[in-house]
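Welcome! Take a moment to look over the chain below, and then we will walk through it together.

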Amino acid sequence: MAHEYRHSGERHIRDSAYLERIHPDIRPVLLGMEAEADRDGLPITERPSTRLLSLVVRAMGARRALEIGTNIGYSAIASALAEGGELVTLDIDPEMHERARVNADRAGVGDKVTLVTGPALETLAGIEGPFDFAYIDADKGSYPQYLDAVVERLRPGGVVALDNLLWLGQAAHEPEDSDFHRESTPIIRAFNEAFLGDVRLDSTIVQVGDGIGLGIKRPSVD
Ligand SMILES: C[S@@+](CC[C@H](N)C(=O)[O-])C[C@H]1O[C@@H](n2cnc3c(N)ncnc32)[C@H](O)[C@@H]1O
């Protein structure tokens, strides 16, 4: 069994490297943000996940999006929004928002981005829907509350995406790497099962980056 895990891990790494080689180069402004995150050890979304999110936002023709967890603004949602669109993006850390503002302006989407600084569970109370698309990528322990707040604010047919649902491989394996993972892995596992069984959504979790959850709000849900 251990051998099969190793084999599939090696295959995943090879597949990822292959796909990276054949995709066209990403925009220099995004490369700059990747370098900024590498340099300062910041937890931005993985590049293949960002490509997927960007494609979903474009395919939907989304105009209004909500993001919980801005960091330096790498997720490229604002750039994917339709003409005249707005991304409302939340982060607890004012320094991240200063950096995200600079990066959004550099990317030419500063006019589409509204930054709301503070603990998201508090700031969400002042944010009104409807949104076409939402991306949850902040403190994992609050994912259930974030999902409730987002579903309330999504239009029927709107899409919610969530990052880190595979939790660096820990969701599928016994926690072993650190105390941090020991504590958080059961939280992620419980969340994943609740998310996939959530009657308000049609949902799936895809094995891209660190695991992206995608859910469509069912039309009959208010
Ligand atoms: C993984 S990063 C977000 C990455 C970003 N979506 C991207 O792709 O570049 C998570 C962010 O969530 C923020 N965060 C953590 N706890 C938070 C909270 N309670 N309320 C709002 N933001 C929070 C952190 O400051 C951090 O910048």
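Two strands are said to pair if DSSP finds at least two bridges between them. Keep that in mind for strand 5 and strand 7 (residues 212-217), which pair in the antiparallel sense over four bridges. Please also remember that you are looking at a predicted model.

**The sheet**

Strands of a sheet pair through backbone hydrogen bonds, either parallel or antiparallel. Here, seven strands form an open sheet with mixed pairing, in the order 3-2-1-4-5-7-6. Strand 3 (113-117) and strand 6 (201-206) are its edges, each pairing on one side only. On average, neighbouring strands of this sheet are turned by 15 degrees against each other, direction ignored. Helix 5 (residues 94-106) packs on the sheet, where it touches strand 2 (86-91) and strand 3. The direction of helix 5 makes about 175 degrees with that of strand 3.

Let us now step across part of the sheet. The table lists three pairings.

| Strands | Sense | Bridges |
|---|---|---|
| Strand 4 (residues 131-136) and strand 5 (residues 154-162) | parallel | five bridges |
| Strand 5 and strand 7 (residues 212-217) | antiparallel | four bridges |
| Strand 6 and strand 7 | antiparallel | six bridges |

You can follow a path of residues through these pairs. Start at Tyr-135, which stands opposite Ala-161 in strand 5. Ala-161 in turn has Leu-214 as its bridge partner in strand 7. Finally, Thr-204 stands opposite Leu-214. Strand 6 and strand 7 form a hairpin with five residues between the strands, and in this hairpin Gly-209 takes a positive phi near 55 degrees.

**A helix to check**

How far apart are the end C-alpha atoms of helix 2 (residues 28-40)? The expected span is 1.5 Å times one less than the number of residues. Helix 2 has 13 residues, so it should span 18 Å, and its end C-alpha atoms are indeed 18 Å apart. Gly-41 follows helix 2 and has a positive phi, near 60 degrees.

**Loops worth a look**

The loop between strand 1 (64-68) and helix 4 (77-80) holds Asn-71, and Ala-76 lies in that loop too. Asn-71 has a positive phi of about 50 degrees although it is not a glycine. Ala-76 is also a residue other than glycine, with a positive phi near 65 degrees.

Is Asn-71 buried or exposed? A residue is buried if 20 or more other C-beta atoms lie within 10 Å of its own. Asn-71 has 23 C-beta neighbours inside 10 Å, so it counts as buried. Ala-76 counts as buried as well, because it has 23 C-beta neighbours inside 10 Å.

Ser-142 sits in the loop between strand 4 and helix 7 (143-153). With 16 other C-beta atoms within 10 Å, Ser-142 is partly exposed. Its C-alpha atom is separated by 9.5 Å from that of Ile-187, although the two residues are 45 residues apart along the chain.

In the loop between helix 6 (120-123) and strand 4 you will find Pro-130. The peptide bond leading from Gly-129 to Pro-130 is cis, with omega near 0 degrees.

**Around the ligand**

How many residues surround the ligand? There are 19, and the closest are Thr-45, Gly-69, Asn-71, Tyr-74 and Ala-138. So you meet Asn-71 again here, among the closest residues. The shell divides into ten nonpolar, five polar and four charged residues.

Note on methods: Residues numbered from 1 in each chain as written. Predicted model: local features only at pLDDT ≥ 70, side-chain atom pairs only at ≥ 80, totals over all residues. Near = placed C-beta within 6 Å. Nonpolar A, V, L, I, M, F, W, Y, C, P; charged D, E, K, R; others polar. Helix = DSSP H or I, 4+ residues; strand = E, 2+ residues; numbered from the N terminus. Axes fitted to C-alpha atoms, helices over the stretch in contact; angles between N-to-C directions. Contact = placed C-beta atoms within 7 Å. Buried ≥ 20, exposed ≤ 12 C-beta atoms within 10 Å, placed from the backbone.
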